[in-house]
Amino acid sequence: MNNNIDLNLIFKALSDPIRIEILKKISTAESICVCELTNIANLSQSKLSYHLKLLLSANLITKIPKGKWNFYSINKDILESVLTLDAINKLFL
């Protein structure tokens, strides 16, 4: 198993329905701008940042800065190393 995997952080990140919704939204595109995530659950920018930070610290997503925006992608390798394909499908479908 990958040494960069912290199961406590991963399962903490996956335990919140808002973060699951954020992951679902991110999974709909190869890369998604943070500006497209602001309408999820009517989150303020600071709360969205908090949730994204937890997802980043668990390595469930990656961040790529482009100009003044950050773009996020799902880290499929981490998800696939800790969850079954069936669990991933249930989370994101």
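Let's begin with something that is missing: this structure holds zero disulfides. Keep in mind as you look around that the model is predicted. Two cysteines are worth finding anyway. Cys33 is buried, with a relative accessible area of 4%, while Cys35 is partly exposed, at 35%. Buried here means under 20% relative accessible area, so the 4% of Cys33 puts that residue in the buried class.

Cys33 also gives us a way into the sheet. Strand 1 covers residues 32-33 and strand 3 covers residues 69-74, and these two pair in the antiparallel sense over two bridges. Follow Cys33 across to strand 3 and you arrive at Phe71, its bridge partner.

Now come at strand 3 from strand 2, which takes in residues 61-66. Strand 2 and strand 3 are antiparallel too, and six bridges join them. Ile61 has Ile74 of strand 3 as its bridge partner, and Ile64 has Phe71. So how do you get from strand 2 to strand 3 along the chain? The two strands form a hairpin with two residues between them. Look in that turn for Gly67, which has a positive phi of about 65 degrees.

Put these pieces together and you have an open sheet of three strands, in the order 1-3-2, with antiparallel pairing. Why is one side of strand 1 and one side of strand 2 left without a neighbour in the sheet? Strand 1 and strand 2 stand at the edges, and each has a single partner strand, so one side of each has no neighbour there. As a rule, side chains in a regular strand alternate between the two faces of the sheet.

Stay with Phe71 a moment longer. Lys66 lies over the face of this ring, at 5.0 Å from the ring centre. If you go hunting for aromatic pairs, though, a search of the whole structure finds zero.

Next, step back along the chain to the loop between helix 3 (45-57) and strand 2, where you'll find Asn59. Asn59 has a positive phi of about 60 degrees, although it is not a glycine. Asn59 is partly exposed, with a relative accessible area of 28%. Leu60 is in the loop between helix 3 and strand 2 as well. Is Leu60 buried or exposed? At 0% relative accessibility, Leu60 counts as buried. The C-alpha atom of Leu60 is separated by 8.7 Å from that of Asp77, 17 residues apart along the chain.

Another pair links distant parts of the sequence. Leu7 lies in helix 1, which spans residues 7-14. Leu7 and Ala58 are 51 residues apart along the chain, yet their C-alpha atoms are separated by 8.0 Å. Leu7 is partly exposed, with a relative accessible area of 39%.

Compare that with Glu30 and Asp6: these are 24 residues apart in sequence and 24 Å apart in space, C-alpha to C-alpha. Glu30 is found in the loop between helix 2 and strand 1. A residue is called exposed when its relative accessible area is over 50%, so Glu30, at 77%, counts as exposed.

Glu30 also takes us to the last stop, the largest pocket. About 210 Å³ of space lies in this pocket. Which elements give two or more residues to its lining? They are helix 2 (17-27), strand 3, helix 4 (76-82) and helix 5 (85-92). If you want to trace the lining yourself, look for Ile26, Ser27, Ala29 and Glu30, then Ser73 and Ile74, then Lys76, Leu79 and Glu80, and finally Leu85, Ile88 and Phe92. You've already met two residues from that list: Glu30 in the loop between helix 2 and strand 1, and Ile74 as the bridge partner of Ile61.

Technical notes. Residues numbered from 1 in each chain as written. Predicted model: local features only at pLDDT ≥ 70, side-chain atom pairs only at ≥ 80, totals over all residues. Heavy atoms only, no water. Pairing = 2+ DSSP bridges. Helix = DSSP H or I, 4+ residues; strand = E, 2+ residues; numbered from the N terminus. Buried < 20%, exposed > 50% of the residue type's maximum accessible area, 1.4 Å probe, protein only. Disulfide = S-S within 2.5 Å. Phe/Tyr/Trp six-rings, centres within 6.5 Å; stacked < 30°, edge-to-face > 60°. Lys NZ or Arg CZ within 6 Å of the ring centre and 35° of its normal. 1 Å grid on protein atoms, 1.4 Å probe; cavity = no way out; pocket = protein on both sides within 12 Å on 5 of 7 lines; lining within 4 Å. Points joined across faces, edges and corners; volume = space filled by probe spheres on them.
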